[in-house]
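This report follows a few local arrangements in the structure shown below, moving from side-chain contacts to helix packing and burial.

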Amino acid sequence: MSGDRLRVGVLGVGAVAQAVHLPLLARRPDLFEIAAICDLSAELVNAMGDRFGIASARRFTAYEDMLAAGGLDAVMILSRGSHAEPVLQAWRAGLPVFCEKPLAYTVAEVDELLAAEPAGRPAILLGYMKQYDPAVIAASELVAQLDDVRSVEVTVLHPPSAPQLAIARIVTPSSPPPAEVVAAQEAEDDRLRRIAVGEADLDVWRTYRVPLVGSLAHDLSVMRSLGTIPAAVEYADVWRQSSASQVRDISRDRRSMGEVPPQVAASGILENGGRFRLAWHYLPDFPAYRETVRVIHGAGVLELVFPSPYLLHAPTELTVSTLDDGAERRVIRRSVTEAFETQLEAFAAMVRDGAEPRSGLAGGRADIVDCQRIIAAWTGPRGIPVGGEIGARIALDRSPADAVEAVH
């Protein structure tokens, strides 16, 4: 370490890195030094290197080269796709990891990580920033005092990413990655697709990747923070509806409807016997991201309303409704403490002091399993062909006595 500062290497300097992580690292010189950056795009690496004052010799286009160059105390993995292999490479270099979602797309990847995880102290913090939100922490403390949670209801209204990120003035490469890089990425995506869903239709894979592992995993992590753990998924549905703007965009970009995120709904049973409902809606004509988590219990309601994650310091609102002398009493809590920054503080505490993160591999694995359960509850009853881990999960539900232990 350079004094008390952690020398961090950053893998991936795309939209989320530019909008959130790099600016927050730069404004916390008491905790961090951006010691190296890496991206497949040399253009992006140089643009961010210039912006954040990173020496030319510490700018890389190959992750292996950044790790081999040394001079790092930790790695932040912010790149596209599954992060299981980059995590393994960092651990082989003796470096703890901050890992943005998705940790992985398959249970097999996480089990490989669990087998390789360094012993003795925490080595990975998963980037579920909502778990570090003051409103979520306050809500979790209140829910811990309850013994009669009846229901948890989650609704996500998700506009396209571009309008949400416009305020960050994102720099994008002027040319696509080399053909061989794209081919390698597509080959790896295809390998993981086959492990997760077998030869299922691409729409099944896209649904699993984008609304579920790519977004609703955040809400599953919040549910874990609240102690409201899904025990089973009883019902799930996925459907598509296009608006006029979607039709225009698809025509202009020559994309298929399969590449537009669908709507997703799921419901099931909590470990305490209560129920949960999840709904994720892609709304191309809705201007603002909104995410609501509502906990209903015998004596009232707790409701969390999250703004767009890219509006740094925009407060999450926690409303607590209870009975007060025959009338409803509502208390609203709002804090401008930035969850992404608090998460970075937790990462520094993990690396320096061995503090336990709010989510490590076990939490990430649980979220992947729940996402697979949702796909299984959608495809299984409808006879939609699906193989891989999710197909095995459907078989497990149908024939538990004959099920193998490999999928659990």
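In this predicted model, the side chain of glutamine 372 reaches the side chain of arginine 393 in a polar contact of 3.2 Å. Glutamine 372 belongs to helix α12, which spans residues 361-382, and with a relative accessibility of 0% it counts as buried, the cut-off being under 20%. Apart from residues within four places in sequence, the surroundings of glutamine 372 consist of Tyr105, Thr106, Val107, Tyr208, Glu389, Ile390 and Arg393, with each of which it is in contact.

A polar contact between side chains is also made by glutamate 153, whose partner is arginine 277, at 2.9 Å. Glutamate 153 lies in strand β7, residues 149-158, and is buried, its relative accessible area being 16%. Once neighbours within four places in sequence are set aside, glutamate 153 is in contact with Arg277, Thr292, Val293, Arg294 and Ile296. The two residues are set side by side here.

| Residue | Element | Relative accessibility | Side-chain polar contact |
|---|---|---|---|
| Glutamine 372 | α12 (residues 361-382) | 0% | Arginine 393, 3.2 Å |
| Glutamate 153 | β7 (residues 149-158) | 16% | Arginine 277, 2.9 Å |

Helix α12 also packs against another helix: its axis and that of α5, residues 107-116, come within 10 Å and cross at roughly 165°. Because angles over 145 degrees count as roughly antiparallel, this description applies to α5 and α12. The crossing in which α5 passes α12 is left-handed. On the α5 side the contact is made by Val107, Val110, Asp111, Leu113 and Leu114, while α12 contributes Leu361, Arg365, Ile368, Val369 and Gln372. By character, the residues of this contact of α5 with α12 comprise seven nonpolar, one polar and two charged. The spacing of such residues can be read against helix geometry: an α-helix has 3.6 residues a turn, so positions three or four places apart point the same way.

How many of the nine residues of helix α4 are buried? Seven of them are, and helix α4, residues 84-92, is therefore largely enclosed by the rest of the structure. The buried residues of α4 are Ala84, Pro86, Val87, Leu88, Gln89, Ala90 and Trp91. Just after this helix α4, glycine 94 adopts a positive phi of about 80°.

Technical notes. Residues are numbered from 1 along each chain as its sequence is written. This is a predicted model: local features need pLDDT of at least 70, side-chain atom pairs count only at pLDDT 80 or more; totals for chains, interfaces and linings use all residues. Side-chain values use heavy atoms; hydrogens and water are left out. Helices (H or I, at least four residues) and strands (E, at least two) are DSSP runs, numbered from the N terminus. Buried means under 20% relative accessible area, exposed over 50%, partly exposed in between (1.4 Å probe, protein chains only). A polar contact is a pair of N or O atoms within 3.5 Å; within protein, one must be able to donate a hydrogen and the other to accept it, and residues adjacent in sequence count only if both atoms are side-chain atoms. Contact means heavy atoms within 4.5 Å. Axes are lines fitted to C-alpha atoms, for helices over the stretch in contact, and angles run from 0 to 180 degrees between N-to-C directions. Angles under 35 degrees count as roughly parallel, over 145 as roughly antiparallel, 65 to 115 as roughly perpendicular and the rest as oblique. A crossing is left-handed if the near helix is turned anticlockwise from the far one by less than a right angle, and right-handed if clockwise. Ala, Val, Leu, Ile, Met, Phe, Trp, Tyr, Cys and Pro count as nonpolar, Asp, Glu, Lys and Arg as charged, and the others, Gly among them, as polar.
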